[in-house]
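Biologist: I would like a close look at a single part of this model, explained slowly enough for a first-year student to follow. Please take the enclosed space inside it as the starting point and work outwards from there.

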Amino acid sequence: RELTNLDIQRAVNLDAKRLSRKSIKSALALLKSAAEAQDIEISTKRITLPQAKPTKKDIPSAERLLGVILGSDIELPCLLAMWLSLRISEVRGLQFCDISDDGSLITVQRVKLYVDGKNILRDVTKTEQSTRTIRLPKYLYERIQALPHKKETDFIVPMRYELIRKKFRNLMDENGFGITFHTLRHEFASTLNDLGVPSDYIQKIGGWSTDNIMKKVYTHTSSTKEEKYQSVIDDFFDSAIQKITRKSHERT
């Protein structure tokens with residue numbers, strides 16, 4: 001109850017040295033909610049947040065990225081992120097039991113987080129929209145089925161978080177791409193946008209939660225059209241992979 005805006009501003013200034021504007025904004029929202037739960041009113045309107053740093057980077061084309069990713073030891077996690085628009089926590093949370101019996105669908109319903117050096121499994125996703133069932137392309141299904149596993153609750157990508165990040169960073173550095181694993185999710189959106197898929201379907205298929213949810217934008221998308229646009233992205237990746245594979249065989 002003795003907390004003042006000056007105290008909060010000092011904490012914000014201190015955290016600004018190591019955290020992003022988005023992280024600090026989320027922390028302030030948590031602080032306010034926790035205080036209100038104890039009947040303590042805190043106003044954060046006068047708190048000055050750090051300036052947002054420009055994060056937009058040039059993203060290489062999907063074809064160039066695929067040429068680097070295919071055949072690598074992190075091909076599957078990369079394609080799950082790039083083709084199905086999964087966050088790294090969602091990729092690591094997938095289990096074999098999440099695949100439908102006919103192998104045509106996969107459900108994103110849990111995440112495996114990496115917090116302070118520890119893995120935390122949660123049976124919920126980041127947002128309500130993030131819990132979704134996606135059509136599973138045949139190429140990815142076959143790659144998954146080829147993986148050894150003892151039970152259906154085994155993780156499809158059991159690789160440690162820091163190992164995925166390290167391998168991806170090394171692979172990108174070797175090929176002159178200055179991007180992070182999360183950029184693969186942006187690649188998904190950029191590719192669909194280039195293919196002419198409307199933004200509301202990109203948000204629905206990719207499981208994004210934005211301000212548009214307040215306008216109920218997702219309630220205006222039909223499952224028939226979702227399947228149509230999923231076919232567009234599947235056809236694109238299948239064609240790109242076949243082209244890269246064919247060129248690789250020709251060189252050998």
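What is the volume of the largest cavity?

Modeller: This is a predicted model, in which local features need pLDDT of at least 70 and side-chain atom pairs count only at pLDDT 80 or more, while totals for chains, interfaces and linings use all residues. Residues are numbered from 1 along each chain as its sequence is written, and side-chain values use heavy atoms, with hydrogens and water left out.

The largest cavity has a volume of about 50 Å³. A cavity is found on a 1 Å grid over the protein atoms alone, as a set of points where a 1.4 Å probe fits but cannot get out, and its lining residues have an atom within 4 Å of a point. Grid points are joined across faces, edges and corners, and the volume is the space filled by probe spheres set on the points. The count comes to one cavity of 30 Å³ or more. Its lining is made of Trp83, Leu84, Ile134, Arg135, Phe188, Ile205, Gln230, Ile233 and Asp234. The elements that give two or more residues to this lining are α4, β4 and α10 (223–251), where helices (H or I, at least four residues) and strands (E, at least two) are DSSP runs numbered from the N terminus. The largest share, three residues, comes from α10.

Let us turn to α4 (75–84). Ten of the ten residues of α4 are buried, so this helix is largely enclosed by the rest of the structure; buried means under 20% relative accessible area, exposed over 50%, and partly exposed in between, with a 1.4 Å probe and protein chains only. Among these buried residues are Trp83 and Leu84, both of which also line the cavity. Cys78, another residue of α4, counts as buried because its relative accessibility is 0%.

Leu84 has a further role in the picture, since Leu80, Leu84, Leu140, Ile156 and Leu184 touch the most other members of the largest nonpolar core, which has 53 residues. The largest share of this core, eight residues, comes from α4. A nonpolar core is a set of buried Ala, Val, Leu, Ile, Met, Phe, Trp, Tyr and Cys residues joined through side-chain atoms within 4.5 Å.

Just after α4, Ser85 takes a positive phi of about 60 degrees, and Arg87 lies in the loop between α4 and α5 (88–93). Arg87 counts as buried because its relative accessibility is 10%. Leaving aside neighbours within four places in sequence, Arg87 is in contact (heavy atoms within 4.5 Å) with Lys126, Ser130, Arg132, Arg185 and Gly207.

One of those partners, Arg132, leads to strand β4 (residues 132–135), which has a covered face, Arg132 and Ile134, and an uncovered one, Thr133 and Arg135. The cavity lining includes Ile134 and Arg135, which belong to opposite faces of β4. Strand β1 (residues 105–108) pairs with β4 in the antiparallel sense over four bridges, where pairing requires that DSSP finds at least two bridges between the strands. Within this pair, Thr107 stands opposite Thr133. Leu105, also in β1, is partly exposed because its relative accessible area is 34%. Not counting residues up to four places away in sequence, Leu105 touches residues including Thr133, Ile134 and Arg135.

Conventions
1 Å grid on protein atoms, 1.4 Å probe; cavity = no way out; pocket = protein on both sides within 12 Å on 5 of 7 lines; lining within 4 Å.
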